[in-house]
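The following paragraphs offer a guided reading of one protein model. The reader is invited to keep the sequence and the coordinates in view while following the account.

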Amino acid sequence: MYDVVIIGAGVSGSACARELSKSNLSICVVEKEEDVCCGTSKANSAIVHSGIDCKTGTLMAQMNLRGNEMMDELSKKLDFEFRRNGSLIVCFSDDDMPRLKELYNQGIANGVPGLKILDSGEAHEMEPNLSDEVVAAIYCPTGGIVCPFGMNIAFAENAAANGVEFLFNTEVKAIQKEQTDYILITQNGEIHARCVVNAAGVYADVFHNMVSENKIHITPRRGEYELLDRAAGGIIDKTIFQLPGKYGKGVLVTPTVHGNILIGPTADDHEDKDGTNTTRTGLEHVVTSGTRSVPSLPMRQVITSFAGNRAHEDGHEFIIEELSDAPYFIDCAGIESPGLSSAPAIGERVAAIVEGLFNPSKNADFIETRKGILNPKKLSEDEYKELIKEKPEYGNIICRCEMITEGEIMDAVNRPLGAKSLDGVKRRTRAGMGRCQAGFCSPRTMEIIAREKGISQLDVTKSGGKSKIVVGMSKNRG
C-alpha cells in the first residue's frame with residue numbers, strides 16, 4: 001500500500017514525484033518501459049516556451065508561464081542543461097501582420113515579459129540567416145532551450161534520492177476502485193494506492209476512463225523532426241518559429257543546448273499511440289518549412305530523423321485535477337506542448353492537490369539538489385589531468401563523435417535509476433548521439449554495461465524489452 005502511485009515516469013510524472021517527495025508520503029512511480037523518459041518526453045522540440053502561444057486564461061498559459069520562470073533555478077539545483085536563448089516568431093507577409101499583432105497582444109495579456117515586435121531590419125540584425133521573406137517578427141526574450149532527457153532524469157533521480165520508489169517494466173493493465181483505495185493490476189501483480197496520479201501521456205485517457213463516467217479522448221499527434229550535426233551549429237542562435245496555424249506552432253528551427261540544429265515538428269493526428277515512425281511526406285515537409293525560415297540550413301548535414309507523439313486532448317487544454325466522480329484520482333492529462341516547459345509547474349499543482357487531500361507533514365530531510373554526471377569537457381586542463389590520475393577511465397574515449405569517456409558511461413550505469421540499455425546511456429551521456437549515430441561506440445558501450453551490471457552482452461538491449469543487439473555467438477568459445 002502506497003499513499004500515492006504515479007502512472008508514468010515521463011517529465012510530468014517525474015516532476016510530480018519530486019514535488020511530492022517534499023512531504024512525508026509513501027510514493028511509487030509505475031512505468032511500463034525500462035527507464036524514465038521513454039515516451040513523449042524523449043522526442044520533442046526541447047523548447048522552453050515563453051507562453052505567448054497559449055490562449056489567455058487557460059491552465060496551459062498559467063502552467064507555461066510558471067514553469068518558464070522556475071527553469072533557471074531548477075536547472076542549477078538539479079544540474080541539467082538549460083539556456084535562455086530567446087525566440088523569434090516570424091511573419092512572411094504584410095497581410096499577416098494583424099495576426100502577428102494579435103499574437104503579441106495575447107502574449108501581453110498572458111503576462112509574458114519583454115515582448116517586442118521587430119521590423120525586418122531588426123529581425124535580420126538579430127538573426128542574419130533568416131529568410132529575406134521575413135517582414136517582421138515577435139521577439140520573446142524569455143524563450144529557452146533545454147535538454148529534455150537531462151531534465152526528466154534529474155527530476156526522477158532527485159525524487160528517488162528523497163525516497164520515491166520506481167517500478168520499471170511494470171504496465172498497468174486495469175484499475176479497480178475499492179472503498180478506501182485503488183488497486184492497480186499489472187503483469188507483476190497488484191499495487192495498492194490511496195491516491196493515483198495519472199501522468200500516462202498518450203495513455204492518460206485510457207486510465208481516466210477506467211475510473212470515471214466523464215470520458216475524455218486523447219489523440220496521438222505525431223511530430224517528425226530532423227537533427228543536424230553540430231557542425232551546422234551557429235547558423236542561428238534564437239529559436240525560430242513561424243506564425244502558429246490550426247495544428248499548433250508549426251515547424252521551428254532551433255539550436256539545441258548541445259550545439260546541434262533541430263527542425264520540426266509536423267502535426268499528424270493518428271490512432272496508434274505507439275506509432276512513432278517517420279514518413280517521407282512528413283520529413284519532406286520539415287525540410288520545406290524549415291528552409292523557408294532559414295534558407296541556408298545545410299540539410300546535407302542531417303544525422304538522424306525521429307518522431308514523437310503529443311497527447312492532444314479534444315479540448316486542447318491541460319487537465320490537472322482530482323476527478324469529481326473518482327476521489328483521490330488525479331488527472332495529469334492532455335499534456336502536449338507546452339508540456340515540457342510546464343512540467344515544473346505541473347508538479348507543483350499536483351503536489352498541492354495531493355497535500356490538500358492528505359495534509360502530510362513536511363519531509364525534514366528533503367534533498368533539494370542533485371549532481372549530474374561529471375562532464376570532463378567542463379574541467380580545466382589541470383583538473384582533467386588530476387581526474388585521469390585518480391580515475392583513469394575518464395581518459396578512455398568511448399564515443400568519438402561526442403568525446404564521451406568510459407568514466408561517464410560507468411557513472412550513467414551506476415548512479416540512482418542508472419542506465420540499463422544503450423538508449424539509457426545515450427540519454428544520460430550522449431554516447432551514440434553524434435554523427436555516426438552509435439556506429440562506432442555501441443560495442444564498447446555494451447561491454448561496459450555488461451561489466452558494470454554483471455550480465456552477459458547477450459542480455460544488453462537497445463531500449464529494453466526484446467530489443468537485444470546480440471542474438472548469439474558466432475563461434476563456440478568453450
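Which residue in β18 is the bridge partner of Arg-222? In this predicted model, the partner of Arg-222 in β18 is Asn-309. That pair belongs to an antiparallel arrangement in which β13, spanning residues 218–228, and β18, spanning residues 302–313, are joined over 11 bridges.

Strand β13 also pairs with other strands. With β16 (residues 261–264), β13 forms three bridges, and the two strands run antiparallel; within this pairing, Glu-226 stands opposite Ile-263. With β17 (residues 268–269), β13 forms two bridges, again in the antiparallel sense, and here Arg-221 is placed opposite Asp-269.

How is β13 covered on its two faces? In a regular strand, the side chains alternate between the two faces of the sheet. On one side of β13 lie Ile-218, Pro-220, Arg-222, Glu-224, Glu-226 and Leu-228, and every one of these is buried. On the other side lie Thr-219, Arg-221, Gly-223, Tyr-225 and Leu-227, which are likewise all buried. The count for the strand is accordingly 11 buried residues of 11. Charged residue names thus appear in this list beside Ile-218 and Leu-228, with Arg-222, Glu-224 and Glu-226 on the face that they share.

The connection between β16 and β17 contains a notable backbone feature. Pro-265 is located in the loop between these two strands, and the peptide bond joining Gly-264 to Pro-265 is cis, with omega at about 0 degrees. A second cis peptide bond links Ser-337 and Pro-338, where omega is about 10 degrees. Pro-338 lies in the loop between β20 (326–333) and α8 (339–358).

Two residues other than glycine adopt positive phi values. His-316, with phi near 50 degrees, is situated in the loop between β18 and β19 (319–323). Because its relative accessibility is 41%, His-316 counts as partly exposed. Tyr-328 has a phi of about 70 degrees and is part of strand β20. Tyr-328 is also partly exposed, because its relative accessibility is 28%.

A further region to examine is an open sheet of three strands, with the order β3-β8-β4 and antiparallel pairing. Why is one side of β3 and of β4 left without a neighbour in the sheet? Both strands stand at the edges and have a single partner strand each, so one side of each remains without a neighbour there. The pairing of β4 with β8 (residues 144–146) consists of two bridges and is antiparallel; Arg-83 stands opposite Ile-145 of β8.

Ser-50 occupies the loop between β3 (47–48) and α2 (59–78). Is this residue buried or exposed? Ser-50 is buried, because its relative accessible area is 5%, which falls under the 20% limit for that class. The side chain of Ser-50 reaches the backbone nitrogen of Ile-52 at 3.3 Å. Beyond its neighbours within four places in sequence, Ser-50 is in contact with Asn-64, Leu-65, Asn-68, Val-112, Cys-140, Thr-142 and Gly-143.

Note on methods:
Residues are numbered from 1 along each chain as its sequence is written. This is a predicted model: local features need pLDDT of at least 70, side-chain atom pairs count only at pLDDT 80 or more; totals for chains, interfaces and linings use all residues. Side-chain values use heavy atoms; hydrogens and water are left out. Buried means under 20% relative accessible area, exposed over 50%, partly exposed in between (1.4 Å probe, protein chains only). Helices (H or I, at least four residues) and strands (E, at least two) are DSSP runs, numbered from the N terminus. Two strands pair if DSSP finds at least two bridges between them. A polar contact is a pair of N or O atoms within 3.5 Å; within protein, one must be able to donate a hydrogen and the other to accept it, and residues adjacent in sequence count only if both atoms are side-chain atoms. Contact means heavy atoms within 4.5 Å.
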